[in-house]
Amino acid sequence: MANPHPHVYLGDRIVAADAATVGVASSAVLYGLSVYTVFPVHVDGAARTAFRLDDHFRRLEESCKIIGIDRFAAEWDFERFRATVVELIAVNAPREDVFVRATVHVVESIPGTRVRGCAIQVSMFVYDAVPIVPQDGMRLKSSPWRRIPDNAIPSRAKVNGAYVNSVLAKQDAIDSGYDDCVFLDGNGHVCELSAANIFLVRNGTLITPDVSCDILDGINRRTVLTLAAEDGIPVVERTVDLTELYIADEVFVTGTSAGAAPVVEVDGRVVANGVPGPISQGLRKRHYAALRTDSVHGWVTDLSAAR
């Protein structure tokens, strides 16, 4: 658990965290009608850098477009988004790495179940970069709750209300003594965790469910796929069966709040010898480095220089 830092952006200004409120009659509260993204900010003394900030902004745009929140594109562009992040980080002055959660809320009061033309507010808050899963070896449980399919609530849009699905699945895993869940689709194929993408390694090949498998097209997922290709690791994106996780040589997960975390057990089956493997560990190190310094891909935005 982590508390927001003292200053929050809401309603076109920076306010105290306890003053940043959304109305109880708004669509955001009544229907969970908000979309969001979370990105890391690395702090090194006075230097602050954000990871793949443009991609996170694009994901907000795309989530809004999928759901039909049309006011965001009309009111926000990347330069405004970046300037707001710079201001928020500067006023909070974090001394260690943090996450920033940016959300587009539909704040129209009692509009009924519709979205187009409804008023919005954008919020942003900063909180300590505490991982949401163990970093030294996770234990996963396949969930009895199925992943919401694309033709119900699209997983490629980060919709706040849709995360009730994740809460049900993760709470079941926690209640059963595990760290997190493995979501399956209606046909029993592997999708993702409650809030992270999943990878496995078999015979030196990196395998992950493709983007048509009711998954979030994760930015950290894309990062690891790029790094793997650069390292000459064969990569396959396809449908994955649950039993493939049981006999994998390695399993790991990725996400902003998960990092690149190894998995050592799935449904009571130990993954290989129960020790994180060389491919996942190598990609974990490269991912960690990419979050902080990147001179090749253009993934890092210098927030101090962006003023």
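Me: Let's start at the N terminus. In which sense do strand E1 (residues 7–10) and strand E2 (residues 14–16) pair, and over how many bridges?

Reply: Happy to walk through it, keeping in mind that this is a predicted model. E1 and E2 pair in the antiparallel sense, over three bridges. To fix the register, take tyrosine 9, whose bridge partner in E2 is isoleucine 14.

Me: What do E1 and E2 form together, and which residue in the turn has a positive phi?

Reply: They form a hairpin with three residues between the two strands. Glycine 11 sits in that turn, with a positive phi of about 65 degrees.

Me: Which other strand is joined to E1, and by how many bridges?

Reply: Strand E6 (residues 120–128) runs antiparallel to E1, and two bridges join them. Here leucine 10 of the chain stands opposite serine 123 in E6. As you follow such strands, a general idea helps: in a regular strand the side chains alternate between the two faces of the sheet.

Me: Now the wider view. How is the protein divided into domains?

Reply: There are two parts to look for: domain 1 covers 7–128 and domain 2 covers 138–292. Their C-alpha centres lie 26 Å apart. Domain 1 brings 23 residues to the contact, while domain 2 brings 20 residues.

Me: How much area do domain 1 and domain 2 bury between them?

Reply: About 1800 Å², and 60% of that is on carbon and sulfur atoms. On the domain 1 side, look at Tyr36, Phe51 and Arg59, which supply 33% of the area that domain 1 buries against domain 2, more than any other three residues.

Me: What about polar links: how many residue pairs are in polar contact across the interface of domain 1 and domain 2?

Reply: The rule finds eight such pairs, counting those with both residues at pLDDT 80 or more.

Me: Which elements give two or more residues to the side of domain 1 that touches domain 2?

Reply: Strand E3 (34–44), strand E4 (47–51), helix H2 (53–67) and strand E5 (98–106) do. E3 gives the most, with eight residues. By class, this side of domain 1 has 10 nonpolar, eight polar and five charged residues.

Me: And how many salt bridges are there between domain 1 and domain 2?

Reply: The count is one. Separately, you can inspect the salt bridge of aspartate 97 with arginine 292, where the closest N and O atoms are 3.1 Å apart.

Me: How many salt bridges does the structure hold, counted throughout?

Reply: It holds 17. Another to display is arginine 139 with glutamate 265, at 3.2 Å from N to O. That pair links distant parts of the chain, 126 residues apart: arginine 139 lies in strand E7 (residues 138–146) and glutamate 265 in strand E13 (residues 259–266).

Terms used
Residues numbered from 1 in each chain as written. Predicted model: local features only at pLDDT ≥ 70, side-chain atom pairs only at ≥ 80, totals over all residues. Heavy atoms only, no water. Domains from an automatic or database assignment. Contact = heavy atoms within 4.5 Å. Buried area = accessible area lost by both parts, 1.4 Å probe. Salt bridge = Lys/Arg side-chain N within 4 Å of Asp/Glu carboxyl O. Polar contact = N/O pair within 3.5 Å; in protein donor to acceptor, adjacent residues only side chain to side chain. Helix = DSSP H or I, 4+ residues; strand = E, 2+ residues; numbered from the N terminus. Nonpolar A, V, L, I, M, F, W, Y, C, P; charged D, E, K, R; others polar. Pairing = 2+ DSSP bridges.
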